[in-house]
Amino acid sequence: MSVAAATRPVIDRPDVDSVLVGVFRTGEGGRGRAVAQGVADFWSGIAWPAGLLSVTCYISTDGMDVLTYEQWADHDAAIGSLGQGGLSRTAPVEGMVDVVAVGPVHYHLYRSSTSDEPRVPGCFVFASLLADGHEAARQWVDQVLDSVDMSTVAERDHPGGISAHFHISVDGTSALNYAEWDSEEAHIGFIEGSVRKEALSQVGGMPRTAGVGDNRFLLFQGLVDS
């Protein structure tokens, strides 16, 4: 196994079975880049567990959170990594005072919506929302995507949406939206605009956030099993 640098992950690659998403909260010290570099160095310097396909690291636009998105080919291998199995997930931040590790949470990709025109995103939005079981999570995602998709966003008052990829946690307690946008400003315009308000009114509002709530991120580094 060798590790190669990559850009953002291919969310719908057919060999991915499971996704693990974790967050390092760095506090007010502005250490996001240092933590992200530690994460990238950690994954570049170890032998990857069997089944791990990619690791992508993002920094929140306020510099306070670092998020990792891992793609796994094997459900059991992903679960095994959560039980440590020799993989120390806090190793990248050892010695960094007050950095808090959250997760990772185990997800499966459920449903996606993409714009008709492929573009390179300048901003990534991660929003995890509390859910009351798998069926409730699927129903909520279906209602959202049936109310607003990326082609609708592009045609309305706040263009800039590229994709929205909804994941549901293995335990059914949360849904995660991994969304790609042209820019941070485009997403802010969408949050404040009419399309989102209309969609939420149709689905009965938004559930409470779980872990990550509508946080905007920039891509730091991606790694793939080559």
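**Close-up views of a predicted model**

**Figure 1. Strand 8 and the surroundings of E180.**
The side chains of E180 and R8 meet in a polar contact of 3.3 Å. For polar contacts, the test is a pair of N or O atoms within 3.5 Å; within protein, one must be able to donate a hydrogen and the other to accept it, and residues adjacent in sequence count only if both atoms are side-chain atoms. This is a predicted model, where local features need pLDDT of at least 70 and side-chain atom pairs count only at pLDDT 80 or more, while totals for chains, interfaces and linings use all residues. Residues are numbered from 1 along each chain as its sequence is written, and side-chain values use heavy atoms, with hydrogens and water left out. S163 is another side-chain partner of E180, through a polar contact of 2.6 Å. E180 sits in strand 8 (residues 174-181); helices (H or I, at least four residues) and strands (E, at least two) are DSSP runs, numbered from the N terminus. With 7% relative accessibility, E180 counts as buried. Here buried means under 20% relative accessible area, exposed over 50%, and partly exposed in between (1.4 Å probe, protein chains only). Skip the neighbours within four places in sequence, and the contacts of E180 include P121, C123, F124 and H165; contact means heavy atoms within 4.5 Å. R216 is 36 residues away from E180 along the chain, with 9.7 Å between the two C-alpha atoms.

**Figure 2. E70 in strand 4, another buried glutamate.**
What does the side chain of E70 hold on to in a polar contact of 2.6 Å? The partner is the side chain of R89. E70 is buried, at a relative accessible area of 2%. Residues up to four places away in sequence aside, E70 touches S18, V19, L20, W43, L52, S54, V55 and R89.

**Figure 3. The largest nonpolar core, with F24 in view.**
A nonpolar core is a set of buried Ala, Val, Leu, Ile, Met, Phe, Trp, Tyr and Cys residues joined through side-chain atoms within 4.5 Å. The largest one has 22 residues, and F24, V35, V39, W43 and V66 have the most contacts inside it. Elements that give two or more residues to this core are strand 2 (18-25), helix 1 (32-44), strand 3 (52-60), strand 4 (65-72), helix 2 (75-82) and strand 9 (215-225). Helix 1 is the biggest giver, with 6 residues. Zoom in on F24 and, not counting residues up to four places away in sequence, you'll find V35, V39, M64, D65, V66, R89, V93, V99, V100 and A101 touching it. A second, separate core of 15 residues includes V21, V23, F124 and F126.

**Figure 4. An aromatic cluster of Y58, Y69, F124, F126, Y178 and F217.**
Across the whole structure, a search turns up 10 aromatic pairs. Rings of Phe, Tyr and Trp (its six-membered ring) pair if their centres lie within 6.5 Å; planes under 30 degrees apart count as stacked, over 60 as edge-to-face and the rest as tilted. Y58 and Y178 have ring centres 6.2 Å apart and planes at 85 degrees, so this pair is edge-to-face. It links distant parts of the chain, as Y58 is in strand 3 and Y178 in strand 8, 120 residues apart. Both Y58 and Y178 are buried. F126 and F217 also pair edge-to-face, at 5.5 Å centre to centre and 90 degrees between the planes. F126 belongs to strand 6 (residues 123-130) and F217 to strand 9, so the pair ties together parts that are 91 residues apart in sequence. F126 and F217 are buried, too.

**Figure 5. Helix 3 and its buried side.**
Helix 3 (residues 134-147) has 14 residues and should span 20 Å at 1.5 Å a residue; its end C-alpha atoms are 20 Å apart, which agrees. The expected span is 1.5 Å times one less than the number of residues. Buried along helix 3 are A137, W140, V141, V144 and L145. They cover an arc of only 125 degrees around the axis, which puts them on the same side of helix 3. That arc is taken over the directions from the helix axis to the C-beta atoms.

**Figure 6. The two sides of helix 5.**
Helix 5 (residues 184-192) has A186, H187, G189 and F190 as its buried residues. Looking down the axis, these residues fall within an arc of 160 degrees, so they line one face of helix 5. E185 and E192 are exposed on the other side.
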